[in-house]
Amino acid sequence: MTGKRSTFLLSALVFGFAFLYLPILLVIIYSFNEGKLVTVWTGFSFKWYVSLFSNDGMIDAAWNSLRIGVMSATLALAVGTPAGLVMSRFGRFKSRTLFSGMVAAPLVMPEVITGLSLLLLFVTLEQLIGWPAGRGVTTIVIAHTTFCAAYVAVVVQSRLAGMDTSVEEAAMDLGAKPAKIFFVITLPMILPALLAGWLLSFTLSLDDLVIASFVAGPGSTTLPMKVFSSVRLGVSPEINALATLIILAVSVMIVISSLLILRSERARSRSMDQATPEN
Amino acid sequence: MSSEKPTLKQRYDRLMLKHGRVLVIGLPYLWLMLFFLIPFLIVLKISFATAEYAQPPYSALFTWIDEGVNITINFGNYLFLLSDSLYISAYLNSIRIAAISTVITLLIGYPMAYGIARAQGSLRSVLLMMVILPFWTSFLIRVYAWIGILDREGLINALLLNLGIISEPLIMRQTEFAVYIGIVYTYLPFMILPLYSTLEKMDVSLIEAALDLGCKPWKAFMKVTLPLSMPGILAGSLLVFIPSVGEFVIPELLGGPNTLMIGRTLWNEFFANRDWPIASSVAIAMLLFLVVPIMWFQHIQTKQEENGQ
């Protein structure tokens, strides 16, 4: 009976992962196809990569997206880390329900609604106080920071929830100030979560089409906006090449960051082992 | 002098303790208030305006006249949504497509999550990593990948034509079927991860006890495993259902011109028709429908958070 069950689970896993990975694999393979058609393999070639890099519009958009991604991810860390800290360490306070609602809602809010509402906010603010003057990189960064901060808060919160509070409590009993406890104890312990949160925010920002389309202005076309306008018409070999490069970059980034997290985890557990006496 | 110094310092510390807390809460609180909550109120306000050829293209709700504020509220947009069958069918379609996709995602995701949760040590983290990895690669590109597969001149048609199974290319892209594939494909990790975290925490001895007491495996699953994994099922389903109701990219790229979904309708009202008030009222109507599932999702999140501590 258990044999039957494990066969079922195994085939579910094989089917599931094939479903998740085959389409991506096909895009990578066909990015090296010389011909323009997806269906016919005419020979191995790098020509679509060459034509991608000579596409100035695409390069400008990529540059915009990278700048916006770095700025949004950094700001999202500044807004999201205190939010995660509040959610897991501050207990109950007035309007906590509203607070946790505002942190969780951006995770599931349909993008068209977030995009429209932020655009209307920017327009209203401009009418009232003259800022932001027009729309562009700044408004996209604010929009991305808002929804990325929610992700950072969740990552930080779940890291803090799984963490032993005894070290923080000991420091507090010994009279350390909260700010000092945070910077000396809590921050180093949640560093992997912060790294993960930053990378997650960066990729989310790099990936967003809908919200950016609402709040973008002239001259702030992002990479997804550019990709979307060329993909609307069908398959394009240049986009295959771009997709391959993005997948490569993401994979390298993930492998490096998981190695870093693993190493810091090992170092931490080693120092914990040394600190706790055998019993 | 010297005896007063510590008390001053203590006072300062106490002030910092009190206001430091307010400062830490304050920054994210204000940010989310200004850039998340207030925008919805503005959408609500503009949904009561009328479209105008102006910059910005809607009428003012509040006008200052000598004796005070004159408020012009116009329910016309909402009446228009109700009277035009296009909007109602777009809403119903979105809900139907999102619900069916959620069920398919659950049926594919549950056994996968179960298999990962029962896998051994390092294999488990590799499998989990493999679920998360596609989530990090571009959403737009993952949707795009299916264009090449489902197109009239796409891979599946080429394969089937070459094998002689079909003589005419099948029309798969620009159908509702393609939209289901797109949603299931892109949202699958959102279903697997919460399912995995409840299944992994589950006490295996409960199932063993049920089996030892002579319960059939299928019955043990229905009576023990399934009820215990309910929080994961609900969280995963809501994480898939809520955003896919308002999905724009997938119906636009994979669906046909008559695959009506409300996110697409909102986009077209805003970008093609430049009717901001109608777009706002479409957004408010969508929010009114989604408020219940969103609150439900938050309720599950807080409950899990409390159980975890």
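## Exercise 1: Chain A at a glance

**Task.** Find what share of the contacts in chain A with a separation of 6 or more comes from residues 24 or more positions apart, and describe the chain's make-up.

**Solution.**

Step 1. In chain A, 78% of the contacts with a separation of 6 or more join residues 24 or more positions apart. Keep in mind that this is a predicted model.

Step 2. Now turn to secondary structure. Chain A has eleven helices and zero strands.

Step 3. For the overall dimensions, draw a box along the principal axes: the C-alpha atoms of chain A fill roughly 70 × 65 × 35 Å. Of its 279 residues, 42% count as buried.

Step 4. Check the confidence. The average pLDDT of chain A is 86, and 96% of its residues score at least 70. Among the elements of this chain, helix α9 (residues 210-215) has the highest mean, 94, while α11(A) has the lowest, 80.

## Exercise 2: Chain B and its domains

**Task.** Work out how chain B is divided into domains and what kinds of residue domain 1 presents to domain 2.

**Solution.**

Step 1. Start with the elements: chain B holds 13 helices and two strands. Buried residues account for 42% of its 309 residues, and 71% of its contacts with a separation of 6 or more come from residues 24 or more positions apart.

Step 2. The domain assignment splits chain B into domain 1 (4-71) and domain 2 (78-308).

Step 3. Look at where the two meet. Ten residues of domain 1 of chain B are in contact with nine residues of domain 2 of chain B. On the domain 1 side, eight of the residues are nonpolar, two are polar and none is charged.

## Exercise 3: Where the chains meet

**Task.** Describe the side of chain A that touches chain B, by element and by residue class.

**Solution.**

Step 1. Count the partners: 68 residues of chain A are in contact with 78 residues of chain B.

Step 2. Ask which elements supply them. Those giving two or more residues include α1 (2-30), α3 (56-89), α8 (178-207) and α11 (237-275) of chain A. The most comes from α1(A), with 15 residues.

Step 3. Sort by class. This side of chain A has 55 nonpolar, nine polar and four charged residues.

## Exercise 4: The largest nonpolar core

**Task.** Locate the largest nonpolar core through the residues that touch the most other members, then explain its place relative to the domains of chain B.

**Solution.**

Step 1. The core has 156 residues, and those touching the most other members are Leu116(A), Val215(A), Ala113(B), Tyr144(B), Trp146(B) and Val282(B).

Step 2. Helix α7 (residues 176-201) of chain B gives the most to this core, with 15 residues.

Step 3. Both domain 1 (4-71) and domain 2 (78-308) of chain B give residues to this core, so it lies between them.

Step 4. Zoom in on one member. Setting aside residues up to four places away in sequence, Ala113(B) touches Ile192(B), Leu195(B), Tyr196(B) and Leu199(B).

## Exercise 5: Two helices of chain B

**Task.** Compare the span of helix α4 (residues 121-136) of chain B with its expected value, and decide whether Lys223(B) is buried, partly exposed or exposed.

**Solution.**

Step 1. Helix α4 of chain B has 16 residues and reaches 23 Å from its first C-alpha to its last, close to the expected 22 Å. In α4(B), Leu127(B), Val131(B), Pro134(B) and Phe135(B) are buried.

Step 2. Lys223(B) sits in helix α9 (residues 217-228) of chain B. Lys223(B) counts as partly exposed because it has 14 C-beta neighbours inside 10 Å.

Step 3. Add one distance: 9.0 Å separates the C-alpha atoms of Lys223(B) and Ala210(B), which are 13 residues apart along the chain.

## Exercise 6: Backbone exceptions

**Task.** Pick out the backbone angles worth a second look at Pro132(A), Gln174(B) and Arg274(B).

**Solution.**

Step 1. Recall the usual pattern: most residues other than glycine have a negative phi, and most peptide bonds are trans.

Step 2. The peptide bond from Trp131(A) to Pro132(A) is cis, with omega near -5 degrees. Pro132(A) is in the loop between α5 and α6 of chain A.

Step 3. Gln174(B), although not a glycine, has a positive phi of about 65 degrees. Gln174(B) lies in the loop between α6 (155-162) and α7 of chain B, and it counts as buried because it has 20 C-beta neighbours inside 10 Å.

Step 4. Arg274(B) is not a glycine either, yet has a positive phi of about 55 degrees. The loop holding Arg274(B) runs between α12 (262-272) and α13 (276-308) of chain B. With 12 C-beta neighbours inside 10 Å, Arg274(B) counts as exposed.

Technical notes:
Residues are numbered from 1 along each chain as its sequence is written. Chains are lettered from A and ligands numbered from 1 in the order in which they are written. This is a predicted model: local features need pLDDT of at least 70, side-chain atom pairs count only at pLDDT 80 or more; totals for chains, interfaces and linings use all residues. Domain bounds come from an automatic or database domain assignment. Two residues are in contact if their C-beta atoms, placed from the backbone, lie within 7 Å. Ala, Val, Leu, Ile, Met, Phe, Trp, Tyr, Cys and Pro count as nonpolar, Asp, Glu, Lys and Arg as charged, and the others, Gly among them, as polar. Helices (H or I, at least four residues) and strands (E, at least two) are DSSP runs, numbered from the N terminus. The expected span of a helix is 1.5 Å times one less than its number of residues. A nonpolar core is a set of buried Ala, Val, Leu, Ile, Met, Phe, Trp, Tyr and Cys residues joined through C-beta atoms within 7 Å. pLDDT is the predictor's confidence in each residue, from 0 to 100.
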